[in-house]
Amino acid sequence: MRLWFPASIAALLLALSITPTPHARAESDMQARISDIVTRELAPTATAAEPGGLAAAVYAGGELTFFDYGFADGATKRPVTPDTLFSLASLRKLFEATLVALGTERGELRLDDPVSKYLPELHGDYVSRVTIGELVTHTSGLLLPTDHPPWPNETFSRDQLIAMLNAWTPQAGEAPGKQRIYTHAGYVLLQLVLERRYGIPISALIESRILRPLGMNSTFIPERGEDNRSVAQPAIMQRMVQGYSYQGMPIGPPGNQQSYYDFPGTGQMFSSTHDLGTFIRACLDGAVIDPELRTALEMTEREQFRVDETFGQAMAWEHVRLDNVTVIDKPGGLNNASAYVGLVPSHRLGIVLLANRGEYPHEIARYRILPALARL
């Protein structure tokens, strides 16, 4: 049966069907203001004069928005997209911290477990007293020569790392749990603890316990080939960026793996803004099926060690207290890659920045973009 309306009524119904509701207009206006803030801050940092490119994802108002600039590979003019794969550098620590939190939630390990419980070969006076909780919060006091300049040119085997840890003694009165000293070596040791506890390589642990439950299908730690390039299928390699120095010099091939440690699992983790957008959504809105994983993500964000009135340390995450907001974030960087994830849980705000050049100014997100979005 066909329904007939007078022309005037039909016109009215048509107008009503296409006129945005006040709520829809408000959401559209908010998204436009978010886009204006992010574009105003990021676009000048990713011009044609800058090496490489930049990918960003912003979570605000329950929505993810992506911003892409420049090239994944300048030689081929391959553009950056939300699915381009970047080295995460030290953002990888967020996932290892989540493994620790999840293990404590499931009763599989304890934060006050000494690392020597799982690695009895660690018998040095100092390192044998360090706990898992101190490793994950950078309060162990450990600071190896591979953690600071002058950077070593040689690589270190697993046995050499264990020997360095056993021989390590306090340099300036450090004591386990008494100070915050950022240590990459501490997280390499944490990798060994987790692998020994579960009997599974770190890449498989992260995939099975975090990535797969969250649906992050483009995040992984590939094996490292002899040329320090990631071992991956051609379709994956075609999505990886070429890394550049801050001055624009290419460093390594696409998929470049860097590590001072010459044993499996110590190379770079790769991901996209599409996948990391999923991660920050889960951190901010609990968008995960497994309630234990939801609790673990929340646990990693809680401050564990107060450094001063401005700065605090959580499980990998860092707390920065600004005038009107507290930012919880994690920067990472290599000489050919920069990465940043920042959250404002009180406002359900998050941002991801991935750049294929060293020394990208991620502070723009911490001190300008996130505070500005929090004021909306």
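**A predicted chain, from its loose start to its core**

In this predicted model, residues 1-6 keep a pLDDT under 50 (pLDDT being the predictor's confidence in each residue, from 0 to 100), and the model gives them 2 contacts beyond four places in sequence; contact here means heavy atoms within 4.5 Å. Residues 12-16 also have a pLDDT below 50, with 1 contact in the model beyond near neighbours in sequence. Where pLDDT is low, the predicted coordinates should not be read in detail. For the chain as a whole, the mean pLDDT is 93, and 93% of the residues reach 70 or more.

A quick word on the ground rules. Residues are numbered from 1 along each chain as its sequence is written, and side-chain values use heavy atoms, with hydrogens and water left out. Because the model is predicted, local features need pLDDT of at least 70 and side-chain atom pairs count only at pLDDT 80 or more, while totals for chains, interfaces and linings use all residues.

Now for the overall picture. The chain contains 11 helices and 13 strands; these are DSSP runs numbered from the N terminus, with helices being H or I over at least four residues and strands E over at least two. Its C-alpha trace spans about 90 × 45 × 45 Å along the principal axes. The radius of gyration is 23 Å, which agrees with the value near 21 Å for a compact globule of 376 residues; it is taken over C-alpha atoms, and the globule rule is 2.2 Å times the number of residues to the power 0.38. Of the 376 residues, 52% are buried, where buried means under 20% relative accessible area, exposed over 50%, and partly exposed in between (1.4 Å probe, protein chains only). Among contacts with a separation of 6 or more, 65% link residues 24 or more positions apart.

What sits inside? The largest nonpolar core has 77 residues, and F95, L189 and F279 touch the most other members. Such a core is a set of buried Ala, Val, Leu, Ile, Met, Phe, Trp, Tyr and Cys residues joined through side-chain atoms within 4.5 Å. Helix 6 (residues 184-198) supplies the largest share of this core, 9 residues. A second, separate core has 27 residues, including L42, Y69, V327 and A374.

F279 deserves a closer look. Setting aside residues up to four places away in sequence, F279 touches L94, F95, L214, M216, L297 and W317. Helix 9 (residues 273-285) has 13 residues and reaches 17 Å from first C-alpha to last, close to the 18 Å expected at 1.5 Å a residue; that expected span is 1.5 Å times one less than the number of residues. F279 is one of the buried residues of helix 9, and L276, I280 and L284 are among the others. After helix 9 comes G286, with a positive phi near 60 degrees.

Then there is the sheet. It is open, with 9 strands in the order 3-2-1-13-12-11-10-9-8 and antiparallel pairing; two strands pair if DSSP finds at least two bridges between them. Strand 3 (78-79) and strand 8 (305-306) stand at the edges with a single partner strand each, so one side of each has no neighbour in the sheet. Strand 2 (residues 63-73) is joined to strand 3 by 2 bridges, and D73 has R78 as its bridge partner in strand 3.

Strand 10 (residues 318-321) is covered on both faces, with E318 and V320 on one side, H319 and R321 on the other, and all of them buried. Strand 9 (residues 311-313) runs antiparallel to strand 10 and is joined to it by 3 bridges, while 4 bridges join strand 10 to strand 11 (residues 326-334). The hairpin of strands 9 and 10 has 4 residues between them. In its turn, A316 has a positive phi of about 80 degrees although it is not a glycine, and at 0% relative accessibility A316 counts as buried.

R348 has a positive phi too, about 55 degrees, and is not a glycine. R348 lies in the loop between strand 12 (337-344) and strand 13 (349-355) and, at 38% relative accessibility, counts as partly exposed. R348 is also one of the contacts of Y59, along with I280 and L284. Y59 belongs to strand 1 (residues 53-60) and is buried, at 1% relative accessibility. The C-alpha atoms of Y59 and L343 are separated by 9.1 Å, although 284 residues lie along the chain from one to the other.
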